[in-house]
Amino acid sequence: MSFKLLLVLAVFVSVGVAQDKAIMPFYGNTKCPIEGKDVNRKLFAEHEGQRIHVCSKDCRKKVDADLAGSLAKAYPADKVVDVKNVNCPCMPKAAKAEHSVTWQGHKVGLCCKKCLVKFAKQPARHLTLALHKDLIVVGNTKCPVMPEEDVDAEYFILYKGKLIELCCDSCVDDFEADKHLKNLPAPKAPAPPIGGTGTGGGD
Ligand SMILES: [Zn+2]
Ligand SMILES: [Zn+2]
Ligand SMILES: [Zn+2]
C-alpha cells in the first residue's frame, strides 16, 4: 500500500504546483514603511528608480514627503541581499565587484559602468536574470495572452524556467491564473493537457 502512496506522491511532486505556476517576481518591500502593514503591491512611490510600496494612499502621501527616508526604511542597508551572480545580467560577460549596483535591497554584480544604465532601465528584469542564471529568455515580441499586442519590457512572467514577455499588467494576472498556455511560443516538450487531469488514473 505504501508503494501506491509513493507513486501518487511522486506524480504530485513531478507536476508540482510551485514549478509550473507562472509568476511575476516581486522585489518590492512587503511591509509599509509608514505603518508596518502588508503593502498593496500596486501602490507605490518611486525614488531613484526604486519603488517604495505602501499599504494605503495616506501612507503614500507620507512617503512622498520623505522619499529618501522612506526608501531607507523600506530597504534597510543592513538587510541587502548580495545576489553573488557570476555573470552580468545585462551583457554576456563576467560580473565584477567594482561595478555592482544595489536596487531594492539586492546587490547585483555588473561587468562595466555602461551596464549601470542598462540595469536601471529594466531593473526587475535584470535582477531576475541575475538571480536565475539558467533562465531561458523566450524573446517573444507578441503577448501570448493578447496575441495582437506587442510586448512591453516592463511586463514578464516566469514559467517553467522561461522568461516570457507580456503586454500589460492585466495579462500578468491572466497568465498567472493559467488561462493562456495554449499561446505559448514553441514549447519543447508536448504541452500538458490544459486544465485536464488526463494523466491520472489510467489502468
Ligand atoms: Zn501604510
Ligand atoms: Zn557591462
Ligand atoms: Zn496585456
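These legends introduce a predicted model through a few close-up views.

**View 1. The whole chain sets the scene with seven helices and eight strands.** Before zooming in, take a moment to look at the entire fold. The chain has 203 residues, and buried ones make up 32% of them. Among contacts between residues at least 6 apart in sequence, 42% join residues at least 24 apart. The chain exposes about 13000 Å², and carbon and sulfur atoms supply 58% of that area.

**View 2. Three cysteines hold the zinc ion (ligand 1).** Here the SG atoms of Cys32, Cys55 and Cys59 coordinate the zinc ion (ligand 1) at 2.1 to 2.2 Å. Along the chain these donors follow the spacing C-x22-C-x3-C. Cys32 and Cys55 come from distant parts of the chain, 23 residues apart. Look for Cys32 in the loop between helix H2 (17–20) and strand S1 (44–47), and for Cys55 in the loop between strand S2 (50–53) and helix H3 (57–65). Cys32 counts as buried because its relative accessibility is 3%, under the 20% cut-off for that class.

**View 3. The zinc ion (ligand 3) also has three cysteine donors.** This view shows Cys167, Cys168 and Cys171, whose SG atoms coordinate the zinc ion (ligand 3) at 2.1 to 2.2 Å. The donor spacing in sequence is C-C-x2-C. How buried or exposed are the neighbours Cys167 and Cys168? Cys167 is buried, with a relative accessible area of 12%, whereas Cys168 is partly exposed at 22%.

**View 4. Three strands line up as an open sheet.** Follow the order S6-S8-S7 and you will meet a mixed pairing pattern. Strand S6 (136–137) and strand S7 (156–159) stand at the edges; each has a single partner strand, so one side of each is left without a neighbour in the sheet. As a general reminder, strands of a sheet pair through backbone hydrogen bonds, either parallel or antiparallel. In this sheet, S7 and strand S8 (residues 162–165) pair in the antiparallel sense over four bridges. One bridge to find is that between Phe156 and its partner in S8, Glu165. Helix H6 (residues 123–131) lies across S6, S7 and S8 and runs at about 20 degrees to S7.

**View 5. Trp103 and Phe119 meet edge-to-face.** A search of the whole structure finds three aromatic pairs, and this view presents one of them. The ring centres of Trp103 and Phe119 are 6.4 Å apart with the planes at 75 degrees, so the pair is edge-to-face. The pair links distant parts of the chain, with Trp103 in strand S4 (residues 96–103), Phe119 in helix H5 (residues 114–121), and their positions 16 residues apart. Both rings belong to buried residues: Trp103 has a relative accessible area of 10%, and Phe119 has 2%. Tyr27 joins the scene too, as ring pairs link Tyr27, Trp103 and Phe119 into a cluster.

**View 6. Tyr159 and Phe175 form an edge-to-face pair.** Their rings lie 5.7 Å centre to centre, with 70 degrees between the planes. Tyr159 sits in strand S7 and Phe175 in helix H7 (residues 169–176), so the pair ties together parts that are 16 residues apart in sequence. Tyr159 is buried, with a relative accessible area of 6%. Phe175 is buried as well, and its relative accessible area is 0%.

Methods:
Residues are numbered from 1 along each chain as its sequence is written. Chains are lettered from A and ligands numbered from 1 in the order in which they are written. This is a predicted model: local features need pLDDT of at least 70, side-chain atom pairs count only at pLDDT 80 or more; totals for chains, interfaces and linings use all residues. Side-chain values use heavy atoms; hydrogens and water are left out. Two strands pair if DSSP finds at least two bridges between them. Helices (H or I, at least four residues) and strands (E, at least two) are DSSP runs, numbered from the N terminus. Contact means heavy atoms within 4.5 Å. Axes are lines fitted to C-alpha atoms, for helices over the stretch in contact, and angles run from 0 to 180 degrees between N-to-C directions. Rings of Phe, Tyr and Trp (its six-membered ring) pair if their centres lie within 6.5 Å; planes under 30 degrees apart count as stacked, over 60 as edge-to-face and the rest as tilted. Buried means under 20% relative accessible area, exposed over 50%, partly exposed in between (1.4 Å probe, protein chains only). Donors are N, O and S atoms within 2.8 Å of the metal (3.2 Å for Na, K and Ca); water is not among the atoms, so sites may look incomplete. Accessible areas come from the Shrake-Rupley method with a 1.4 Å probe; for residues, only the protein chains shown count as cover.
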